[in-house]
Amino acid sequence: MQTYFLSQQFNARSLTQNSTACPANAAICNGTSCVSPEDDFNRTLSVVLSTVLTIMLAMVMFSMGCNVDIKKFWIHIKRPWGIFVGFLCQFGIMPLTAFLLSLAFNVLPIQAVVVLIMGCCPGGSASNIIAYWVDGDMDLSISMTTCSTLLAMGMMPLCLFIYTKTWTDSNAIVLPYDSIGISLVALVIPVSFGIYVNHRWPTKAKIILKIGSIVGAILIVLIAVVGGILYKGSWIISPKLWIIGTIFPAAGYSLGFFLARIAGLSWHRCRTVSLETGMQNTQLCSTIVQLSFSPEQLELMFTFPLIYSIFQLLFALIFLVGYRVYRRYRVKTKTDVEKTEEKEDSKSISSHAKTNAGFVSNETK
């Protein structure tokens, strides 16, 4: 596959001064691959795991579709206020946040561009899995992921044109429309089957959903581990990008939640919009940077999508644990209050019966 260069924007002297010497196990970057030194183990592992992860993701999205009510899903399409709020978060807040972070930390032009690419990417499928675990609106989550992936074909070029003019020519960035299309198909087809199963066999759909949610949690951990294995030679990167990779997803979650709340959405939809905003399609970002930059440039910024992926999952898990603890405490407290009220009511009835010689009126029964 042809590799596109941005050499006219970044001179060789700047790259040499700001790059570090590659270690013995440094990544091999030839435009279509950026992994540890190629050997039979890594090559076989990459092919096998890519196949397994693709199949597992399709199964998980099928199970997520089993939790979608076609009538409620259609309501979101007909009255897309929630989708519109998510659209503002995805293609309004995230690119602007990426732009401001790049300016604030004064990173290299090549590094600023990769941060902006991440900010312009659509939502990832992992948001649907986490949304299920935090009792989010699955109908809204699926519709937002689908719409953001579809709209990315037009919004990504527009956002990159607006924000990257400070550092480079947006025409030099290669957008893999085929990858976006594949992501859309891989999302829509399994979810559609899941919606059909939920409509025809709702009891079986609940069983599939429980299994799929567990597999989804395993899949998220597996993807993180695979990334660490395949890209173990690519972890030398500027500390500024580590800091941005930490702040960026946290800002996305927070700003998405607050904007949804300001827009008047319910709490469970605010949680959904928050996850859809902060969780980006990092695989798409990695594909774009590999297609657009030379090997020397990749040394300066290739790891950023991996860093973002790690911290977006970390903050999502913290969010999930916090919500589960809150939910358990709230349910427990509510149950205790109800039991106390029942005991007080029974005592009141008993006392009333004694004072009336055992007679209990129909009003107190």
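Mentor: Helices here are DSSP runs of at least four residues and strands are runs of at least two, and with that in hand we can read this predicted model.

Trainee: What does the secondary structure of the protein chain come to?

Mentor: The protein chain holds 14 helices and two strands.

Trainee: Which residues does the UniProt annotation "transmembrane region" cover?

Mentor: That annotation, taken from an unreviewed entry, covers residues 45-63, 83-105, 112-134, 140-163, 175-195, 207-229, 241-263 and 306-326. For two of these spans the model can be set beside the record: residues 112-134 are 74% helix and 0% strand, with their end C-alpha atoms 33 Å apart, while residues 241-263 are 96% helix and 0% strand, with their end C-alpha atoms 32 Å apart.

Trainee: How many salt bridges does the structure hold?

Mentor: Let us take the general idea before the case. Side chains of opposite charge can pair when their charged atoms come close. The structure holds two salt bridges. In one of them, Asp 135 pairs with Arg 327, and the closest N and O atoms are 3.0 Å apart. This pair links distant parts of the chain, since Asp 135 sits in the loop between helix H6 (126-133) and helix H7 (138-163), whereas Arg 327 belongs to helix H14 (residues 304-355), 192 residues apart.

Trainee: And where in the chain are the partners of the salt bridge between Arg 269 and Asp 137?

Mentor: The side chains of Arg 269 and Asp 137 meet with an N to O distance of 2.9 Å. Here too the pair links distant parts of the chain, with Arg 269 in helix H11 (residues 267-278) and Asp 137 in the loop between H6 and H7, 132 residues apart.

Trainee: Is Asp 137 buried or exposed?

Mentor: The cut-off matters for this step, as a residue is called buried under 20% relative accessible area and partly exposed between that value and 50%. Asp 137 has 7% relative accessibility and therefore counts as buried, while its partner Arg 269, at 30%, is partly exposed. In the other bridge, Asp 135 is partly exposed at 27%, and Arg 327 is partly exposed at 36%.

Trainee: What share of the residues in the protein chain is buried, and what share of the accessible surface belongs to carbon and sulfur atoms?

Mentor: Buried residues make up 46% of the 365 residues. The accessible surface comes to about 18700 Å², and 65% of that surface belongs to carbon and sulfur atoms. As for contacts, among those between residues at least 6 apart in sequence, 85% join residues at least 24 apart.

Terms used. Residues numbered from 1 in each chain as written. Predicted model: local features only at pLDDT ≥ 70, side-chain atom pairs only at ≥ 80, totals over all residues. Heavy atoms only, no water. UniProt positions renumbered as here; feature names shortened; annotations may be inferred. Salt bridge = Lys/Arg side-chain N within 4 Å of Asp/Glu carboxyl O. Buried < 20%, exposed > 50% of the residue type's maximum accessible area, 1.4 Å probe, protein only. Contact = heavy atoms within 4.5 Å. Areas by Shrake-Rupley, 256 points an atom, 1.4 Å probe, with all protein chains shown as cover.
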